[in-house]
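Please walk me through this structure in plain terms, for someone who has not seen it before.

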Amino acid sequence: MIIRTEFPYRTTREDVRIPMADGVELYARIWRPVTDEPVPALLEYLPYRLTDWTAPRDWQRHPWYAGHGYASVRVDVRGHGCSGGLPGDEYDARELADGVAVVEWLAARPWCTGSVGMFGISWGGFNSLQIAALAPGPLKAVVTVCSTDDRYDNDVHYTGGSVLAVDMHAWAATMLAFASRPPDPLFVGDGWREQWLTRLESVEPLIHTWLSHQTRDAYWRHGSVCEDYPAIGAAVLAVGGWHDPYRDSVLRLVEHLPAGRVRGLIGPWSHQYPDRGLPPGPAIGFLQETLRWWDHWLKGADNGVMSEPPLRAWISGSHPPATVYEELPGRWVGEKAWPSASVIPVPYGLQGAPVLVASPQHTGMDAGRFLPFGNEADLPPDQREEDAKSACFEFPVGAGEPVEILGRPSVTLRLRLDVPYGQVVARLCDVAPDGASTLITRGALNLSARRGRERAVPWPVGAYEDVTFELNGIGHAFPPGHRIRLAVSSAYWPWIWPRAGSEAGWTLDPAGSTLTLPIRTPSPADEGIVFEAPEQAEPLGVAFPATLDEPRPERLVVRDVARGTWRLEVDPRYGGTRVYPDGLEFSEDALEVYEIQDADPLSARTRSEWRIRLHRPELGWDARVETRSEISCDEGGFLTSNEVVCREGGEVVFHRTWERRLPRTAG
């Protein structure tokens, strides 16, 4: 990592409040170059608190952009951080309308040329795309990182029509804790307490809304830009990582947006900006790469950025299974279009007699984290135990060239169910000569969603049907002497929430089933794709106090042999305890628990606990937030329980619980 201390421009920083039409003011931090000439503005727009939670990350990039001639702006979504107003749902109409207003406000500043870009990762990448689809005139370009164009089938709520237990639960619990945090009196003054209590009275667990929409209805179509790609007027640089669950959006955006206004970049990364150097690498000079994008679209520079291949992607070399990789072997390749003429779908027929697949309910304990952040236990370990609970089909790689794939594999499976409902998970693994099984990619289908995600269609009991679904996109080279393994299971906890009757599994007829791989032919044009070394601005200088406490495991699997129960405990390790240069002491601790019994899908349950403390000793300010969220399921519905307790000093100032039963209509 290169830390830049000298830039073409000196910079200034100021905190301002941006007025909305209804009188609410959004809190913003603006870094600007010192110049008499107007400059374009760049906007990152999030609910994650610019004064503390994202401040270390913000310091890496906003001052860097300002030093290169841009006004770089970080804004808190209403109801969060030091912004006014009340928190809402993800990407609701109010949030997007506010975003449009901020874009127009920035464009109207005397120091702005009138041209605005938006960028962000995850939430900020999502709303960048969604605001671009509203087409505010000043918004000329976006850089969207680890985001999605499809809120139903490619987010943290549902996958393949199934409830994502692992992140539907965890993210709802996280946002409940986040929305309950108080404004900081250092920035909002004495009115912080009244603002906090007003905000708390409006907080509602998002899980209630998300589980109330179990098929792809109008709720999920809102904000899913795949519903109307032509609405996006800005140029889009879409960025993802093969270890991020949203990477397929890059492929779809490059396919569906006009070639003259889109470029895609997919590396080996997790859910992180590609310059941060978090596993897996290699990291790239992402800020330099995006600067070229901004210079072209916001300053009119003829710098060749649109001469780059429309899709640049990393092809990983074969690697042994591990839960973390500092760097992966591989190389960069470029595609002149997507879909690519150099990628051919090649079917591999499955062989053998019909087989009953009734996987134990704890199949999936070695799935790894749904949303990897670069932690030590994020990625899936050796898959041999998971493979043993699945039906496996293998295809040897011959002694010639490697089998290189790029894109989305797919499966067609001929299945028979003796119950109306079921789920199928397909995993593609690279099996080494010593038997080690490395998970390459996977996909899932709720069989009641086989006719489309808009409705639930029960399976005709006792009948065979063919179902086809895609696995997540990947770039990978299977070397000679290895085996390509397709493993299919009827359970995948805690990723997929099981349904009563699913323990019966289903019968798979290999004679009518195929695996189709997107085989890529290497090209001489692959050579020469290189990136600069990563660089950033000087870090903020956050301190992480030492502690005598023994750190708990990131992922701990506990088996109760007598009860037949499996429990997964996850420490998401978002930030821990840190002290900011302005004196803020910020600590947070979270634990997620997922439990299930081998033969009982209705035993599945989840729990998430959060503890957050914000402390300013010089102000005598000490605020604490504690939350507890639980979900279980019976034959007819989901049972949710949520609790928030907030304290100022030792006094409880807010305490509320919610108990809901939400009918299970699909999912």
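The buried residues of helix α9 are D248, S249, V250, L251, R252, L253 and V254. The model in which they are found is a predicted one. Helix α9 covers residues 248–256, and because 7 of its 9 residues are buried, it is largely enclosed by the rest of the structure. The elements that cover those buried residues include α3 (123–133) and the strands β10 (235–241), β11 (262–267), β12 (311–316) and β17 (403–407).

A second helix, α4, spans residues 165–179. Its 15 residues reach 21 Å from the first C-alpha to the last, close to the 21 Å expected at 1.5 Å a residue. Helix α4 is mostly covered, with 15 of its 15 residues buried.

Helix α4 also has a part in the largest nonpolar core. This core has 197 residues, and W294 and L413 touch the most other members. The largest share of the core, 11 residues, comes from α4. As for L413, leaving aside residues up to four places away in sequence, its contacts are L350, V424, E465, D466, V467, F469, V488, L508 and S513.

The aromatic rings come next. The model has 35 aromatic pairs. One of them joins Y48 and F178, whose ring centres are 6.1 Å apart. The planes of these two rings stand at 80 degrees, over the 60 degrees required, so the pair is edge-to-face. Y48 sits in the loop between β4 (39–46) and α1 (55–67), while F178 belongs to helix α4, so the pair ties together parts that are 130 residues apart in sequence. Y48 has a relative accessible area of 7% and is therefore buried, the limit being under 20%. F178 counts as buried too, because its relative accessibility is 2%.

Another edge-to-face pair is made by F126 and Y246, with 5.2 Å from centre to centre and 75 degrees between the planes. This pair links distant parts of the chain, 120 residues apart: F126 is in helix α3, and Y246 is in the loop between β10 and α9. With a relative accessibility of 1%, F126 counts as buried. Y246 is buried as well, at a relative accessible area of 3%.

Which residues do the ring pairs link into a cluster? They are Y48, W53, Y91, W123, F126, W171, F178, Y246, F373, Y574 and W610. The residues of both pairs described above, Y48 with F178 and F126 with Y246, are among them.

Y91, a member of that cluster, also has a notable backbone angle. Its phi is near 55 degrees, a positive value in a residue other than glycine. Y91 is located in the loop between β5 (71–76) and α2 (93–107), and at 3% relative accessibility it counts as buried. C146 likewise has a positive phi, of about 50 degrees, although it is not a glycine. The place of C146 is the loop between β7 (139–145) and β8 (158–159). C146 is buried, with a relative accessible area of 2%.

Two peptide bonds are cis. The bond from P279 to P280 has an omega near -5 degrees, and P280 lies in the loop between β11 and α10 (286–299). The bond that joins W338 and P339 is cis with omega about 5 degrees. P339 is in the loop between β13 (330–335) and β14 (343–349).

How many disulfides are there? The count comes to 0. For C226, the nearest cysteine sulfur is that of C146, 18 Å away, whereas a disulfide needs the two sulfur atoms within 2.5 Å. C226 is partly exposed, with a relative accessible area of 22%. C112, by contrast, counts as buried at 7% relative accessibility.

The last stop is a charged residue, R485, in strand β23 (residues 483–489). R485 counts as buried, because its relative accessibility is 11%. Its side chain is joined to that of D387 by a polar contact of 2.6 Å. Besides D387, the residues that R485 touches include C392, F393, E394, R427, L428, C429, V431 and S437, not counting those up to four places away in sequence.

How values were computed. Residues numbered from 1 in each chain as written. Predicted model: local features only at pLDDT ≥ 70, side-chain atom pairs only at ≥ 80, totals over all residues. Heavy atoms only, no water. Buried < 20%, exposed > 50% of the residue type's maximum accessible area, 1.4 Å probe, protein only. Helix = DSSP H or I, 4+ residues; strand = E, 2+ residues; numbered from the N terminus. Expected span 1.5 Å × (residues − 1). Contact = heavy atoms within 4.5 Å. Core = buried A, V, L, I, M, F, W, Y, C linked by side-chain atoms within 4.5 Å. Polar contact = N/O pair within 3.5 Å; in protein donor to acceptor, adjacent residues only side chain to side chain. Phe/Tyr/Trp six-rings, centres within 6.5 Å; stacked < 30°, edge-to-face > 60°.
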